[in-house]
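Me: Could you take a close look at one part of this structure for me? I'd like to understand the open sheet and how the rest of the chain is set around that part.

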Amino acid sequence: MLIATAQETTPVKPAPKNNKTEEGVLPANSFKEAKAVPKPIAKDTISPPKTNRYGLRVGADLYKLTRGLYDKDYKGIELVADYRLSKKYYLAAELGSENKTTDDTRLNSTAKGSYLKAGFDYNAYENWLDMENILSIGMRYGFSSFSQQLNTYKIYNANPYFGEVAPITSGEKYSGLSASWIEVVAGLKAKVFNNVFVGFSFQFKKLVSNKKPDNFDNLYIPGFNRTYNGDFGVGFNYSVSYFIPIYKKKVIPVTPAKKPGPKK
Amino acid sequence: MFLLVLACSFSSCEKDDICDASTITTPRLVISFYDFNNPSELKSVTDLTIIGEGMTEGVTYSSSTLVNGSTVSIPLKTDADATSYSFILNYGNSDATVVNQDELKFNYSRQNIFVSRACGFKTEFTLDPTTAFVHTDAAVADAKWIEYIAVKESSITNENETHLEIYF
């Protein structure tokens, strides 16, 4: 009873006060502002009508491109693209090529190849007005076709009585290798100006298949990156992309209010 | 979180970067000593020192070069197809008459096998099928102390089995 009365009294009391003050202020101000007042009242203030733009976003991974400048053991390129399917879902794909020399303490090898990753992103970010930022979680299936060259290797000898033997130059090339994996992608894309977006993403990967060479291992898989014992891998990208608008969809305030209800 | 993942991927903090001691890497040649007069019985050597050709120090076992026991493991060269050793019995004994030196040269072929990222490769050996070893007396002849040598296992892939039997 007390709460109910308190609730009733509080909204009622400030409301008329606000109305009174607004009414008092507005006529004092310009005529335009006074006209603008009835508009928001007529509109639904919670969800103003907005248009969602649909289209294709294409770009490149700057992290891979610039890494070649300071890392002599790396050359790589990755093109990124996504296509908006619905309000929240995007088809996403990455196409890349890498040439990476891995220098471990006992092995030095070079992996060369191309890869394609395809999947979707789910935008979990609720944009205001006409903002088009993306805070996404997604999945990809990746496939890589590559070759490996064993440059040098060392023999592990737990009893080096005759001294440590110098690294052996091999130069043996293993071609026709392939691997596939699934990855979970957490990403962020922000519109910086016009249709230009910058974004970055982290990927957690797990190998599904891995065709290893005889008497060697896939120490680096283009697109998957360095391999670990447990089939897991990680990745990072920093992309700049351009959005090509194809069509627009008006968001009617009533329908989106109803739709999230039954979906959830 | 991001930094940790990044640090892992770059500075390689994963445990697969350390070659685990339990991993089977380059094996040694395992020799067992038997009694020549009673071939089914193992016989212990006394103060045996095994010195590789061109080396000054013998192969060390738990900080001693003296072997007292019926089995010994010796490393083979991973960059040559033969390894020569001097087997000196009663090494350093004040009584020079009991000190006896024999020369053994092992001939083999090698195969380098990939182990892992951390361990790199290992070398496996196969003793030569025709001339696995050459047994000669020391430069200063003192009669051979080794009476008979038999190849038990010619492919040397681990140290869990005897590869060579020496009867004396």
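Reply: Happily! Chain B has 1 helix and 11 strands, and from the N terminus on the order of elements is α-β-β-β-β-β-β-β-β-β-β-β. Do keep in mind that this is a predicted model.

Now to the sheet you asked about. Four strands of chain B form an open sheet with mixed pairing, in the order β4-β1-β11-β9. At its edges stand β4 (71-74) and β9 (148-151), each with a single partner strand, so one side of each is left without a neighbour in the sheet. From one strand to the next, the twist averages 25°.

Let's zoom in on one of those edges. In chain B, β9 pairs with β11 (residues 164-167) in the antiparallel sense, over 4 bridges. One position to look at there is B:A150, whose bridge partner in β11(B) is B:E165.

Another strand of the sheet leads us to a loop: B:S22 lies between α1 (2-11) and β1 (29-34) of chain B. B:S22 is exposed because just 5 other C-beta atoms lie within 10 Å, and the cut-off for exposed is 12 or fewer. From B:S22 to B:S155 there are 133 residues in sequence and 20 Å in space, C-alpha to C-alpha.

Stepping back to the chain as a whole, the radius of gyration of chain B is 20 Å, where a compact globule of 168 residues would have one near 15 Å. Its C-alpha atoms fill a box of roughly 70 × 35 × 30 Å along the principal axes. Of the 168 residues in chain B, 30% are buried. Among the contacts in chain B with a separation of 6 or more, 58% join residues 24 or more positions apart.

Technical notes. Residues are numbered from 1 along each chain as its sequence is written. Chains are lettered from A and ligands numbered from 1 in the order in which they are written. This is a predicted model: local features need pLDDT of at least 70, side-chain atom pairs count only at pLDDT 80 or more; totals for chains, interfaces and linings use all residues. Helices (H or I, at least four residues) and strands (E, at least two) are DSSP runs, numbered from the N terminus. A residue is buried if 20 or more other C-beta atoms lie within 10 Å of its own, exposed if 12 or fewer, and partly exposed in between; C-beta atoms are placed from the backbone. Two strands pair if DSSP finds at least two bridges between them. Axes are lines fitted to C-alpha atoms, for helices over the stretch in contact, and angles run from 0 to 180 degrees between N-to-C directions. The radius of gyration is taken over C-alpha atoms; the globule rule is 2.2 Å times the number of residues to the power 0.38. Two residues are in contact if their C-beta atoms, placed from the backbone, lie within 7 Å.
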